[in-house]
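Subject: Structure handover and notes

Hello,

Here is the structure you were going to look at, with my notes below it. Please read the notes with the model open.

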Amino acid sequence: MGAVIANSTELRPSAILGLGVFRPERVVSNDEICELIDSNDEWIQSRSGIRNRRFAGENESVVAMSIDAGRRALAASGVDAAQVGAVIVATSTYPVQTPPASALVADALGTGGAGAIDVAAGCAGFCYALSLASDMVRVGTERYVLVIGVERMSDATEPTDRSVRFIFGDGAGAVVVGRGEETGIGPVVWGSDGSQGTAIRQVPDWVDFATNPNQERPWIKMEGTSVFRWAAFEMGKIAQQVLDKSGVAMEDLDAFIPHQANARITEVIARGMRLPESVVVSNDIAETGNTSAASIPLAMEELLRTGKAKPGDTTLLLAFGAGLAYAGQVVKMPVLAES
């Protein structure tokens, strides 16, 4: 039979130990967006709930924003970078295929050679990465894992495209996942519907662009109506599945943080769930826009920074987007990095 391979059979509670974010310096108003698209501030706010978003500058790359957010998360958690066993970066806008952003971030933070994984799951990327990190900690693969959601959506949307340009923004959010005294990250519910994969897509692909000199460079395109219907009327069912799997009742929630895709989508989901009035619902999209994989941690930070939520609050996370992919889990809110 050969040698017996040793493996840990002890499961450990996982938790989010600290949170840090990076918001780019430049604030972009609806009026500025409308200088290049045929729209206006009133229309954008009524359709999306967005007033402002932030666009990253020349020195605010995907890697640079990740490093800053990661450093803040480590400080908040009290975990030294050398203790981190793996770095997971969720992003769809890192501009090169290799080396992975996570390896560069791990090195810059001084982890001493942590495992490095990039996750491309669109707007659901952070919750996917959080689940991977949680499982690593639970089974003993790593003691601490740094999870980062980061995007430069301003690079991926065509400035004159009226259907998508006003929606997206840039930023980064990071958390340190480690052992908790009690369960701080519940089991994930995730999935995808590839039959609707073209609802949010990049066209053309980079090979077509490179081989056809007359081809427009790749941009993100979206079938807004299809995405709205899918998210608004399917994600409430997924949210209930997350609660059921976690053993948490709706009335036990303190906060609900859905992906900041569209304020109207959030309203439909929350109304369909019949959330108690005591549950705080995140609305970070108003000043941040849709930051894809960075959306959930940025929204967590806004609730903690403004005092709408506090560390330890029981919170439902629900992310959804390109793929069409989704993921959600119940977590205990972490400690926030000092400004």
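Leaving aside its neighbours within four places in sequence, which residues is Phe320 in contact with? Keep in mind that this is a predicted model. With those neighbours set aside, the contacts of Phe320 are Cys123, Ala124, Trp230, Ala231, Met235, His259, Ala261, Ile265, Ile269, Ala325 and Tyr326.

Cores

Phe320 belongs to the largest nonpolar core, a set of 45 residues in which Met235, Leu316 and Phe320 have the most contacts. Strand E10 (219-222), helices H7 and H8, strand E13 (314-321) and strand E14 (325-332) each supply at least two residues of this core. The biggest contribution comes from H7, which gives eight residues. A second core, separate from that one, has 40 residues, including Ile88, Cys127, Val188 and Ile257.

H7 and H8

Helix H7 covers residues 224-246 and helix H8 covers residues 263-273. Their axes come within 9 Å and cross at roughly 35°, and the crossing is right-handed. On the H7 side the residues that meet H8 are Phe228, Ala231, Ala232, Phe233, Met235, Gly236 and Ala239. On the H8 side they are Arg264, Ile265, Val268, Ile269 and Met273. Sorted by class, the contact of H7 with H8 has 10 nonpolar residues, one polar and one charged. Two of the H8 residues named here, Ile265 and Ile269, are also in contact with Phe320, as are Ala231 and Met235 from the H7 list.

The five-stranded sheet

An open sheet is formed by five strands, in the order E8-E14-E13-E11-E12, with mixed pairing. Strand E8 (189-192) and strand E12 (280-281) are at the edges with a single partner strand each, so one side of each has no neighbour in the sheet. Further in, strand E11 (residues 255-258) runs parallel to E13, and four bridges join the two. Within E11 and E13, Ile257 stands opposite Leu317. Ile257 is also one of the residues of the second core.

Two helices lie across this sheet. Helix H5 (residues 125-139) lies across E8, E13 and E14 and runs at about 55° to E14. H8 lies across E11, E12 and E13, at about 130° to E13.

Strand E7 and its partners

Which strands pair with E7, and in what sense? Strand E1 (residues 14-22) pairs with E7 in the antiparallel sense over eight bridges, and Ser14 stands opposite Arg179 in E7. Strand E6 (residues 144-152) is also antiparallel to E7, joined to it by nine bridges. Here Ile148 stands opposite Ala174 in E7. E7 itself (residues 170-179) is mostly covered, with nine of its 10 residues buried.

Backbone points to check

Two peptide bonds are cis. The bond from Thr98 to Pro99 is cis with omega near 0°, and Pro99 is in the loop between strand E4 (86-90) and helix H4 (101-109). The bond that joins Gly323 and Leu324 is cis as well, with omega about -15°. Leu324 is in the loop between E13 and E14, two strands that supply residues to the largest core.

Two residues other than glycine have a positive phi. Arg274, in the loop between H8 and E12, has phi near 55°. Ser292, in the loop between helix H9 (285-288) and helix H10 (295-305), also has phi near 55°.

Are Arg274 and Ser292 buried or exposed? Arg274 has 74% relative accessibility, which is over the 50% cut-off, so Arg274 counts as exposed. Ser292 has a relative accessible area of 4%, which is under 20%, so Ser292 counts as buried.

One last loop residue: Glu58 lies between strand E3 (52-55) and helix H3 (62-77). Glu58 is exposed, with a relative accessible area of 78%. The C-alpha atoms of Glu58 and Ala114 are separated by 28 Å, and the two residues are 56 apart along the chain.

Regards

How values were computed. Residues numbered from 1 in each chain as written. Predicted model: local features only at pLDDT ≥ 70, side-chain atom pairs only at ≥ 80, totals over all residues. Heavy atoms only, no water. Axes fitted to C-alpha atoms, helices over the stretch in contact; angles between N-to-C directions. Left-handed = near helix turned anticlockwise from the far one by under 90°. Contact = heavy atoms within 4.5 Å. Nonpolar A, V, L, I, M, F, W, Y, C, P; charged D, E, K, R; others polar. Buried < 20%, exposed > 50% of the residue type's maximum accessible area, 1.4 Å probe, protein only. Pairing = 2+ DSSP bridges. Core = buried A, V, L, I, M, F, W, Y, C linked by side-chain atoms within 4.5 Å.
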